[in-house]
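User: Could you walk me through how some of the labels on this structure are earned? I'd like the reasoning behind each one.

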Amino acid sequence: LDVRSSPDLVPLGAFRWHQNFQTVERGRLCRRPGFERFLKQEAYNNQDLHDQLLNAQLYVDGSGNVQARNAGREYLNLIQPIESLSGWRTLFAGSHSRLYELVESTGNWRLLGDGFGGPATDPKYWDAASLGDTTLFPNNFDKPQSYILGDTISGSGLRRTRDIADLDTIGITAAKVVAQFMGVMVLMNVVADGSRRAMRIVWSGYLQPLSWVPATDSIAGFQDLDYDEEILAAAPLQGALMIYTTKGIWRMSVSESVFSFKQVYVERRSRDKCLAYPRTLVSTGFTHFFLSRTGIYEWNGFLTEPERPAWLHLGSGTIFDDIDTSCCEAPVAEYRPETKEGLVSWPQPGQACLNTRTFVFSPEFQTSDIIDHGFTAFANYTSDNQILLRDWLSQYC
């Protein structure tokens with residue numbers, strides 16, 4: 001056949017554009033199912049957070065009067081599930097200026113705090129990690145916030161989240177990255193004593209997420225990586241915490257009851273094969289995937305350097321032909337174990353850093369396709385409609 005006269009044939013080395021399709025078991029191609037409202041199987045109230053609790057944005061002014069804030073609807077940039085010590089699950093959500101907690105038994109959300117983030121023209125992105133019943137929320141701007149399940153409203157901000165007293169003591173006023181590793185909370189890329197320490201790692205006491213002051217009876221401490229690097233993201237892998245910077249990858253591990261740090265990949269000049277979009281780091285459990293400036297790379301402990309799989313690079317070119325490179329924080333990714341797919345959403349130029357397209361790839365079948373819609377946050381969440389005693393007493397007086 002003459003390829004030039006047969007539009008159904010794909011030239012060698014090229015790929016066919018698949019939009020809103022999905023590869024399922026045995027490599028079969030089918031139409032991708034549509035989207036549903038969150039927890040739509042339940043009697044519907046506000047599970048999808050459609051009202052964003054705008055009427056609940058209250059604070060106490062300098063005269064002791066309760067006032068309402070004027071912030072309107074905002075795109076969510078954090079969806080974070082956690083599991084408490086008792087096995088009870090909940091879901092947190094965050095936007096530029098607000099944090100929420102899902103109360104699944106009522107189908108509504110609880111406003112944990114608002115008034116964060118500063119001017120809305122400069123969006124701030126939350127990170128979150130949990131240890132026991134305590135969750136920490138840094139946004140690289142405000143003081144890192146802590147929330148213990150069941151905390152009540154307090155303070156002039158009428159918030160359920162709290163500043164962390166020990167961080168004030170050691171001079172930490174902001175952080176970009178948080179992770180839980182080996183029973184300690186870890187903050188990275190921090191503002192310490194009024195100066196940005198983009199390479200600094202600070203960790204709490206063992207099983208003490210609110211204890212950060214070094215002492216003889218605490219393992220709390222800090223470590224600086226190379227001074228010309230900026231920490232962008234971190235995720236666990238094979239018993240270690242992999243820390244991704246602008247110029248390489250570091251491994252944080254435990255050696256003889258102390259933390260050790262080893263640089264496992266570095267490229268200082270070109271920053272080739274390095275993470276460029278912090279929120280695109282995802283884990284399949286065995287390997288990490290992330291967006292660099294030129295492609296989607298894979299990294300695990302058995303590789304000498306990050307690799308760009310050929311099958312993935314052929315399809316992902318559509319991202320790098322179309323991404324707004326000025327919006328480094330906007331692109332977001334996640335891995336869905338249910339469908340064994342990775343998803344990457346990114347903003348196109350002229351969209352005010354709002355994600356408008358999604359690239360989906362299947363490591364199992366080595367296929368990819370495009371969704372003509374963008375997402376601002378991802379999460380895997382298993383429904384849990386148990387009710388806490390506190391909430392039961394509140395609902396039934």
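Analyst: Happy to; we'll take the cysteines, then a pair of strands and a surface patch, bearing in mind that this is a predicted model.

User: What makes cysteine 327 and cysteine 353 a disulfide?

Analyst: Their sulfur atoms are 1.9 Å apart, and the cut-off is within 2.5 Å, so the pair qualifies. Cysteine 327 sits in the loop between helix 2 and strand 24, and cysteine 353 in the loop between strand 25 and strand 26, so the link ties together parts that are 26 residues apart in sequence.

User: Why is cysteine 327 called buried?

Analyst: Its relative accessible area is 3%, and buried means under 20%, so the label follows. Cysteine 353, at 31%, is partly exposed.

User: How do you know that cysteine 328 is in no disulfide?

Analyst: The nearest cysteine sulfur, that of cysteine 327, is 7.9 Å away. A disulfide needs sulfur atoms within 2.5 Å, so cysteine 328 does not meet the rule.

User: What makes strand 22 and strand 23 a pair?

Analyst: Pairing takes at least two bridges, and these strands have four, in the antiparallel sense, so they count as paired. In one bridge, phenylalanine 290 partners tyrosine 297 of strand 23.

User: Why does isoleucine 387 count as partly exposed?

Analyst: Its relative accessibility is 35%, which falls between the 20% and 50% limits, so partly exposed is the right term. Isoleucine 387 also belongs to a nonpolar surface patch with Leu389, Trp392, Leu393 and Tyr396, with about 550 Å² of accessible area together.

Notes
Residues numbered from 1 in each chain as written. Predicted model: local features only at pLDDT ≥ 70, side-chain atom pairs only at ≥ 80, totals over all residues. Heavy atoms only, no water. Patch = residues over 30% accessible without salt bridge, like charges linked within 9 Å, V, L, I, M, F, W, Y side chains within 5 Å. Areas by Shrake-Rupley, 256 points an atom, 1.4 Å probe, with all protein chains shown as cover. Salt bridge = Lys/Arg side-chain N within 4 Å of Asp/Glu carboxyl O. Buried < 20%, exposed > 50% of the residue type's maximum accessible area, 1.4 Å probe, protein only. Helix = DSSP H or I, 4+ residues; strand = E, 2+ residues; numbered from the N terminus.
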